[in-house]
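User: I have a model here that I'd like to go through with you, one question at a time. Please show it first, and then we can begin.

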Amino acid sequence: MKGRRITGPARDKVREILKTKYEKGATVRALAAECGRSYGFVHRVLSESGVQMRSRSGRVRKARPAAPLGSSPQHSMGHPL
């Protein structure tokens, strides 16, 4: 089934299965691995189903400190870009 186009009633069935599992807490990546499809395929099918997508989780990056006023980016050789 991997790589084959899924259309019509078969796509409707896949859509409902993925939607149910996603709403029960499965991640898009886990669903993709389980069904042997790409992350993009699973995300697209879930979007088509009208499911409310959860925000991304994982490590939250801290914001970089702001550069001092008046400073400009410099190339590693000390020349302005």
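User: Which residue follows H3, and near what value is its phi?

Analyst: Happy to start there. This is a predicted model, so local features need pLDDT of at least 70 and side-chain atom pairs count only at pLDDT 80 or more, while totals for chains, interfaces and linings use all residues. Residues are numbered from 1 along each chain as its sequence is written, and side-chain values use heavy atoms, with hydrogens and water left out. The residue after H3 has a positive phi: Gly-50, near 85 degrees.

User: How many helices and strands does the protein chain have, and what pattern do they follow?

Analyst: Helices and strands here are DSSP runs numbered from the N terminus, with at least four residues (H or I) for a helix and at least two (E) for a strand. By that rule the protein chain has three helices and zero strands. Read along the sequence, the pattern is α-α-α.

User: What share of the residues is buried?

Analyst: Buried means under 20% relative accessible area, exposed means over 50%, and partly exposed lies in between (1.4 Å probe, protein chains only). Among the 81 residues of the protein chain, the buried share is 20%.

User: What residues of H3 are buried, and how wide an arc do they cover?

Analyst: Five names come up for H3: Phe-41, Val-42, Val-45, Leu-46 and Ser-49. The arc is taken over the directions from the helix axis to the C-beta atoms. These residues sit on the same side of H3 because their arc around the axis is only 130 degrees.

User: Why do residues on one side of a helix recur every three or four places?

Analyst: It comes down to the geometry of the helix. Residues three or four places apart point the same way because an α-helix has, per turn, 3.6 residues.

User: How is H2 divided between buried and exposed residues, and which helices do its buried residues pack against?

Analyst: Val-28, Leu-31 and Ala-32 are buried in H2. Their arc of only 100 degrees around the axis puts them on the same side of the helix, whereas Arg-29, Ala-33 and Glu-34 are exposed on the other side. Packing is judged by contact, meaning heavy atoms within 4.5 Å. The partners of the buried residues are helix H1 (8-23) and helix H3 (39-49).

User: Which helix gives the most residues to the largest nonpolar core?

Analyst: A nonpolar core is a set of buried Ala, Val, Leu, Ile, Met, Phe, Trp, Tyr and Cys residues joined through side-chain atoms within 4.5 Å. The largest one has twelve residues, including Ile-6, Val-14, Leu-18, Leu-31 and Phe-41. H1, H2 and H3 are the elements that give two or more residues to this core. The one that gives the most, with four residues, is H3.

User: Is Arg-11 buried or exposed, and at what relative accessibility?

Analyst: Arg-11 has its place in helix H1. Its side chain reaches the backbone oxygen of Ile-6 at 3.2 Å, a polar contact (a pair of N or O atoms within 3.5 Å; within protein, one must be able to donate a hydrogen and the other to accept it, and residues adjacent in sequence count only if both atoms are side-chain atoms). Leaving aside neighbours within four places in sequence, Arg-11 is also in contact with Phe-41, Arg-44, Val-45 and Glu-48, among others. As for accessibility, Arg-11 counts as buried, at 16%.

User: How far apart in sequence are the parts that the salt bridge of Glu-48 and Arg-11 ties together?

Analyst: A salt bridge is a side-chain nitrogen of Lys or Arg within 4 Å of a carboxyl oxygen of Asp or Glu, and a search of the whole structure finds four. The side chains of Glu-48 and Arg-11 meet in one of them, at 2.9 Å from N to O. Because Glu-48 lies in helix H3 and Arg-11 in helix H1, the separation in sequence is 37 residues.

User: Which residues are joined into one network by salt bridges that share partners?

Analyst: Asp-12 pairs with Arg-15, the closest N and O atoms being 2.8 Å apart; these two are three residues apart in helix H1, so about one helical turn separates them. Glu-48 also forms a salt bridge with Arg-15, at 3.1 Å between the closest N and O atoms. Through shared partners, one network is made up of Arg-11, Asp-12, Arg-15 and Glu-48.

User: How far apart in space are Cys-35 and Leu-18, C-alpha to C-alpha?

Analyst: Cys-35 lies in helix H2 (residues 28-35) and is partly exposed, with a relative accessible area of 30%. In sequence, Cys-35 and Leu-18 are 17 residues apart. In space, C-alpha to C-alpha, the distance is 9.2 Å.
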